[in-house]
Amino acid sequence: MCTGVAYVLYFRLIEHAGPAKALAVTFVVPVFALLYGVVFLDEVVTGRMLWCAAMIVAGTALSTGLLKLPLSRRPRRA
């Protein structure tokens with residue numbers, strides 16, 4: 001039942017946000033696994049785990065266009 005509901009939600013997300021942004025949902029699964037481990041299993045979080053979670057979130061934000069890097073503007077040649 002849970003998997004069926006998840007599939008329906010995922011395909012609705014694909015329909016509304018597009019496939020590229022919907023795929024980004026799967027990128028943040030390790031971050032939520034870390035959060036659930038801390039909340040439900042009392043796991044210890046290390047600095048390396050936080051650094052990796054930040055890199056995953058930043059990479060996901062860059063890939064979806066939520067975060068943009070400033071690029072230097074070069075004059076175009078005619």
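Q: In what order do the elements of the chain run from the N terminus on?
A: They go α-α-α-α, with helices being DSSP runs (H or I) of at least four residues and strands (E) of at least two, numbered from the N terminus. That gives four helices and zero strands here. Keep in mind that this is a predicted model, where local features need pLDDT of at least 70, side-chain atom pairs count only at pLDDT 80 or more, and totals for chains, interfaces and linings use all residues. Residues are numbered from 1 along each chain as its sequence is written, and side-chain values use heavy atoms, leaving out hydrogens and water.

Q: What is the radius of gyration of the chain?
A: That value is taken over C-alpha atoms, and the globule rule is 2.2 Å times the number of residues to the power 0.38. Here it is 18 Å, well over the 12 Å that the rule gives for 78 residues, so the chain is more spread out than a compact globule. Its C-alpha trace spans about 60 × 35 × 10 Å along the principal axes.

Q: Is Leu 50 buried or exposed?
A: Buried means under 20% relative accessible area, exposed over 50%, and partly exposed in between (1.4 Å probe, protein chains only). Leu 50, found in helix α4, has 52% relative accessibility and counts as exposed. Across the chain, buried residues make up 13% of the 78 residues.
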